[in-house]
Amino acid sequence: MGRIRVLPDQVANQIAAGEVVDRPASVVKELLENALDAGAMRIRVEVEAGGRKLIRIVDDGHGMNRDDALLAFERHATSKLRTADDLLSIATLGFRGEALPSIASVARVTLESCSDGERSGTRVELAGGKILHVDDAVLPRGTTLAVADLFFNTPARRKFLRAESTELAHVTALVTHYALAHPQKHFELLSATHTILSAPPVTRTAERIYQIFGKDTLAALLPVATELPLVRVGLPEPPPWKKDPEEPARDPGSLRLSGFFSKPELQKLNRNSIYIFVNKRLIRDRLLLHAITEAYRNVIPPTSFPVVLLFLEMPPEEVDVNVHPAKTEVRFRQQSLIHDFVRDSLCTALIKARPSAGFLAALEAAPTASASLMPPSTSPIPGAPSADLPQPDSEPAAFQTAKADTEAFELSPRLATPVPGKLPFTAQNLNPGGWQNQQAWGEAAAALFQPAGLPTAGDCSSNPSDTPGTNPAAGTAQVEAEQAAANLNQLGSLRPMGQLRESFILATGDNGLWIIDQHVAHERILFEKILRDRLVEKVQRQRLLMPLLVELKASQMVLFAGIAEELEHNGFEVEPFGPQTLAVKAAPVGLEGAALERMLAEVIEQSTADSDDPTHNHDLKTLSTRIAASIACHSAIKVNTPLDSRRMEWLLSELAKTSHPTSCPHGRPIALLYSWKEIQRAFHRI
Ligand SMILES: Nc1ncnc2c1ncn2[C@@H]1O[C@H](COP(=O)(O)OP(=O)(O)OP(=O)(O)O)[C@@H](O)[C@H]1O
Ligand SMILES: [Mg+2]
């Protein structure tokens with residue numbers, strides 16, 4: 001007798017369950033996706049004990065008749081796919097016909113479903129994959145699936161489940177993100193004791209963000225929406241004998257991107273706050289993560305990550321979703337096209353928005369490790385590693401009460417109540433030499449201390465219109481108006497008033513008081529100029545009177561050989577001068593003496609660090625931007641340098657012309673706005 005045997009269905013299902021179901025959140029994912037595929041407009045998710053004891057999902061979708069309700073638990077039974085050709089253009093979230101049999105094989109499941117036009121519904125009960133009962137039942141249209149005692153018959157898997165609060169956090173992350181992807185649908189998530197999420201239908205994603213995370217989160221994000229018509233490149237065609245000559249050529253469709261991304265001031269220590277949906281499917285994708293990181297290159301520090309909610313829509317033939325059993329990965333047909341589209345769309349949106357950073361936001365801008373939009377250490381994709389963070393076994397107690405749950409969704413703490421008192425500078429510690437224009441100071445002081453059209457000193461009544469509204473549409477509109485008002489386009493028209501300790505330029509504008517870091521402002525201007533000049537091989541160089549000799553270690557000499565050519569493109573003329581010495585004969589304009597030596601040492605040191613890091617990408621673009629950033633940093637005006645008003649004006653108008661006046665190439669903020677509103681609040685005027 002041969003050794004090979006076909007496994008019984010039940011065993012095959014349990015094996016499949018190993019790939020598809022690894023925790024309560026993955027059950028919720030499959031059931032939510034089924035409900036969405038069934039066209040449900042209202043989805044209610046109930047969990048007990050973090051989903052370990054019970055997961056119940058109620059939808060008002062098209063439901064199933066009796067035959068389908070039974071077939072649904074058969075392996076490879078699906079209504080979403082008929083032929084192998086259909087696999088090339090999948091428009092539904094599910095298609096494998098595996099989820100229900102897999103879940104049913106490792107839990108006790110009750111399905112109740114009723115489809116349109118059926119007189120009665122069907123109730124099916126299963127345990128460990130075996131059907132126990134099938135009954136008729138009076139039910140409303142739609143489907144309810146209850147999954148109890150997950151992994152009751154696979155104790156080894158049960159052991160891998162985390163604390164209830166951790167599992168609940170994962171479920172919450174998942175439901176929240178599907179709620180974000182479908183703002184027009186009603187989502188509810190309830191635990192045994194309280195409502196965790198309740199999101200009635202709204203019209204726009206911005207309103208949904210407002211509804212779930214609140215005003216401050218929405219204010220920290222910028223919208224993006226772009227479209228790229230696709231050209232017909234290598235799309236699968238039917239063979240000539242199947243082709244209908246009458247049929248007009250199919251429109252290849254377009255690539256659409258919409259969503260939200262964070263202002264540079266909001267930074268995270270890991271990728272946990274990047275959420276990508278492709279055709280409304282939540283996925284993890286290295287290619288798109290790379291495109292996003294590229295868009296933020298030299299805008300935020302290389303060790304920080306943004307918060308991004310990205311919705312990519314494309315014709316289903318452009319994306320293969322059949323590459324991962326849990327359907328959390330995809331493969332794009334035109335990879336580089338999509339990568340560049342995402343990178344360029346985000347980059348353009350960032351350049352266009354030119355968001356200004358407020359003082360309070362900048363104070364809180366240090367990258368945080370929490371997954372921001374999510375409870376800490378949570379990945380919205382079950383089974384996907386929670387990016388860079390190890391997952392703690394227990395969650396903070398914060399996730400155990402309804403109040404704490406909503407607080408956990410804050411991107412950043414709500415703004416602190418303004419402390420009454422003076423602005424943190426006075427006329428005495430300003431640089432008197434820098435005050436070229438006494439009248440400007442007089443005006444600014446008058447504007448600060450005696451604002452026209454405001455309540456008089458005794459009038460401390462607060463403005464009721466300032467409290468955030470509960471209506472998402474109104475709240476969203478208010479946030480959008482405030483964002484449009486506060487961008488950096490006005491930098492060029494600011495009136496510089498002087499310097500603070502010969503290091504920061506103070507300037508006034510319609511929106512309030514600005515403080516500009518003179519060093520990083522100049523650094524940004526130089527950085528973008530060097531990159532532009534480098535493209536056309538026109539970086540200006542100056543000959544040194546005496547060659548500058550730089551000593552290197554033997555290993556650094558080897559690395560230097562690798563970057564010598566790029567240095568030359570950036571205005572350097574460097575030659576070996578003995579086995580461990582370099583002679584610098586020419587350097588970019590503005591870089592001299594000790595600064596020149598430090599700059600070279602820095603670039604060589606960074607290359608040494610990269611050569612030790614096998615994961616690092618040693619591409620030319622990285623090298624040239626790094627060299628440009630280093631030259632800019634070492635030749636920019638230093639702090640503690642007096643500037644006359646002409647210079648300050650030049651600096652501001654040149655900064656206004658840059659693409660990213662928000663931050664220096666290393667990601668530090670350049671200009672901070674103490675907004676008129678904040679000033680009035682701090683002085684208890686509103
Ligand atoms: N909530 C629901 N409402 C209506 N029909 C449903 C629902 N859930 C499941 N079904 C039906 O049951 C079938 C089997 O579901 P199942 O999740 O096992 O497979 P699938 O969704 O087709 O593919 P996948 O395994 O990729 O999820 C579906 O194809 C669908 O026809
Ligand atoms: Mg499914």
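**Exercise 1. Classify Lys280 by accessibility and describe its salt bridge.**

Solution. Lys280 has a relative accessibility of 31% and therefore counts as partly exposed, since buried means under 20% relative accessible area, exposed over 50%, and partly exposed in between (1.4 Å probe, protein chains only). The structure is a predicted model, in which local features need pLDDT of at least 70, side-chain atom pairs count only at pLDDT 80 or more, and totals for chains, interfaces and linings use all residues. Residues are numbered from 1 along each chain as its sequence is written, chains are lettered from A and ligands numbered from 1 in the order in which they are written, and side-chain values use heavy atoms, with hydrogens and water left out.

The partner of Lys280 is Glu313, and their side chains meet in a salt bridge at 3.8 Å, N to O. A salt bridge is a side-chain nitrogen of Lys or Arg within 4 Å of a carboxyl oxygen of Asp or Glu. The pair links distant parts of the chain, 33 residues apart: Glu313 belongs to strand β13 (residues 308-313), and Lys280 to the loop between β11 (274-278) and β12 (281-283). Helices (H or I, at least four residues) and strands (E, at least two) are DSSP runs, numbered from the N terminus. Glu313 is also partly exposed, because its relative accessibility is 22%.

**Exercise 2. State which residue pairs with Arg23, and whether each partner is buried or exposed.**

Solution. Arg23 forms a salt bridge with Glu167, with 3.0 Å between the closest N and O atoms. This pair joins distant parts of the chain, 144 residues apart: Arg23 is in the loop between α1 and α2, and Glu167 is in helix α6 (residues 164-181). Arg23 counts as buried because its relative accessibility is 11%. Glu167 is buried as well, at 0% relative accessibility.

**Exercise 3. Describe the pair Arg96 and Glu98, then the salt bridges of the model as a set.**

Solution. The closest N and O atoms of Arg96 and Glu98 are 3.0 Å apart, in a salt bridge. Arg96 is partly exposed, with a relative accessible area of 22%, whereas Glu98 is buried at 8% relative accessibility. Shared partners join Arg42, Arg44, Glu46, Arg56 and Glu188 into one network of salt bridges. The count comes to 31 salt bridges.

**Exercise 4. Characterise the surroundings of ligand 1.**

Solution. Begin with the residues around the ligand: there are 22, of which Thr78, Ser79, Lys80, Glu98 and Lys327 come nearest. A residue is near a molecule if one of its heavy atoms lies within 4 Å of it. By class, this shell has 8 nonpolar, 8 polar and 6 charged residues.

Next, consider the atom pairs. A side-chain N or O atom of Asp59 is 2.9 Å from a nitrogen atom of ligand 1. Oxygen atoms of the ligand lie 2.9 Å from a backbone N or O atom of Ala99 and 2.8 Å from a side-chain N or O atom of Lys327. Taken alone, ligand 1 exposes 590 Å², of which the protein buries 95%.

Finally, assign the shell to elements. Two or more residues each come from α2 (24-37) and α4 (99-105), and α4 gives the largest share, 3 residues.

How values were computed:
A polar contact is a pair of N or O atoms within 3.5 Å; within protein, one must be able to donate a hydrogen and the other to accept it, and residues adjacent in sequence count only if both atoms are side-chain atoms. Accessible areas come from the Shrake-Rupley method with a 1.4 Å probe; for residues, only the protein chains shown count as cover. Ala, Val, Leu, Ile, Met, Phe, Trp, Tyr, Cys and Pro count as nonpolar, Asp, Glu, Lys and Arg as charged, and the others, Gly among them, as polar.
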